[in-house]
Amino acid sequence: MAASDRRGDGQDSILEPLCFPEQHVDALQRPHPEPLLCLFCSESTPLPQKDVLLKHLLLEHKMVISDVKLIADLPKYLLYWKGRFLEQPITDFCSVIKTNSTGPVEKQENYFLLCDVLPEDRLLREKLQQKRLEEVLEQQQQERDDSSFQRLCMFCSDEFAGNRSSLLNHMAREHSFSIGLPDNIVFCSEFLDTLQSKLDNLQCLYCEKTFRDKTTLKDHMRKKAHRRINANNSEYDRFYVINYLELGKTWEEVQSEDDRELVDNNDDDDWSDWQAHPVSAVCLFCDCQSETMEQIYSHMKDAHDFDLQKLKTELNLRFYQQVKLVNFIRRQIHQSRCYGCQEKFLSRADVLRHIAAEGHVMKLPDVSTWDQPQYFFPTYENDALLCTLSDSDEAESEETNHSVDVPVIAEDMSNLRALRQTSVLNQLLKNKS
């Protein structure tokens, strides 16, 4: 999940959209000696503490940078934009988001979003990615040509010298432990150091459980066939060249793309083996997931007495108002605050118990509290519940207006007299009389 922080005034701030636990954060960033520079002042932090700088940008300068984890070289990225902001106003590059737009002027704040929608930003990200790829390929070539490699096998006492492929092939052949083809791996020594460190700490490389001694660990990995690494552990991503090939794509996404030429068969296109991968929506109040809208709505109604359909009908919520409401409730619960009475608690569990005990499940604050532009942004970036929402009038319009042509009149009715005089219906009535 994305980092959240507490401001001095007691309010919580979310630095970027959160993410439900099933997704994993990209870990391709390598240690970098260059510090991270603030875009507007002299503040700087080391790269491992990038969240500190992102928090500083948000709280002190109202600046948000999108998809930070996809930037190949964050220090150079910040250095570039620091120079550009000295040349031109920030509004020439950033989207401006006004919070509390319907409230008093003194309570309104402007936030600035820097993202790759701007062609200049997109080009910069692509150049940094290309440079990173060139560096990785150069490093890989050096490792392939290196004849000074020397290392002991992690599973036996055999020592290997010369090319790294001899050790990797040995572990695959003799110990059934394969981390992939040697030519697909980069920073091989660091990779092996990482694996050796886990074994030294008596940790299984696949399930990552810790055991009391080496004998127990060996028996576990042998009996459970755990002599392999956990592909879902993003810690290993930076050791595979495939992760550097395309901007914003992981090895799983790249590998899923079949670049081979398809056999032309225009007469009979068979889609029978195509399978969709359903996306599960997560309950607002617990970890329950469901693949259908009806099931997740029924669960929230039966288990938590929360009826989203009822709220939508009673408040006549349009689609974007529903989006804001869901994001508002998500954020309040994440911040351990009751969305009904705004009381703050120490933990998520405490606020959920309070909401149930006090009957605040269906209690919403005034519309102006949550119907704000800031809640257009999802609290969880992979929140599939938002995809199940629909416009309140969609179903009715589909059922009652299949064959009826409804005239559309502009909202501006200031010149109503002129409209009546020029109306086609008015002319028809005159002709009939």
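The exercises below concern a sheet and two nonpolar cores in a predicted model.

**Exercise 1.** State which strands of the open three-stranded sheet stand at the edges, and explain why one side of each has no neighbour.

Solution.
- Step 1: Write down the strand order, which is 5-7-6, with mixed pairing.
- Step 2: Strand 5 (63–65) and strand 6 (95–99) each have a single partner strand and stand at the edges, so one side of each is left without a neighbour in the sheet.
- Step 3: For the twist, neighbouring strands of this sheet are turned by 30° against each other on average, with direction ignored.

**Exercise 2.** Describe how strand 6 and strand 7 pair, and find which helix packs on the sheet.

Solution.
- Step 1: Strand 7 covers residues 109–114 and pairs with strand 6 in the antiparallel sense, over five bridges.
- Step 2: Take one position as an example: Tyr111 in strand 7 stands opposite Ile97.
- Step 3: The helix is helix 1 (residues 50–61), which touches strand 5 and strand 7. The direction of helix 1 makes about 145° with that of strand 5.

**Exercise 3.** Determine which helix gives the most residues to the largest nonpolar core.

Solution.
- Step 1: The core has 31 residues, and Met171, Phe177, Ile179, Phe191 and Leu195 have the most contacts inside it.
- Step 2: Two or more residues each come from helix 3 (119–145), helix 4 (164–174), helix 5 (188–200) and helix 6 (214–223).
- Step 3: Helix 5 gives the most, with five residues.
- Step 4: Leaving aside neighbours within four places in sequence, the contacts of Phe177 include Met154, Phe155, Leu205 and Arg228.
- Step 5: Another core, of 30 residues, lies apart from this one; Leu308, Phe328, Tyr339 and Val351 are among its members.

Notes
Residues numbered from 1 in each chain as written. Predicted model: local features only at pLDDT ≥ 70, side-chain atom pairs only at ≥ 80, totals over all residues. Heavy atoms only, no water. Pairing = 2+ DSSP bridges. Helix = DSSP H or I, 4+ residues; strand = E, 2+ residues; numbered from the N terminus. Axes fitted to C-alpha atoms, helices over the stretch in contact; angles between N-to-C directions. Contact = heavy atoms within 4.5 Å. Core = buried A, V, L, I, M, F, W, Y, C linked by side-chain atoms within 4.5 Å. Buried < 20%, exposed > 50% of the residue type's maximum accessible area, 1.4 Å probe, protein only.
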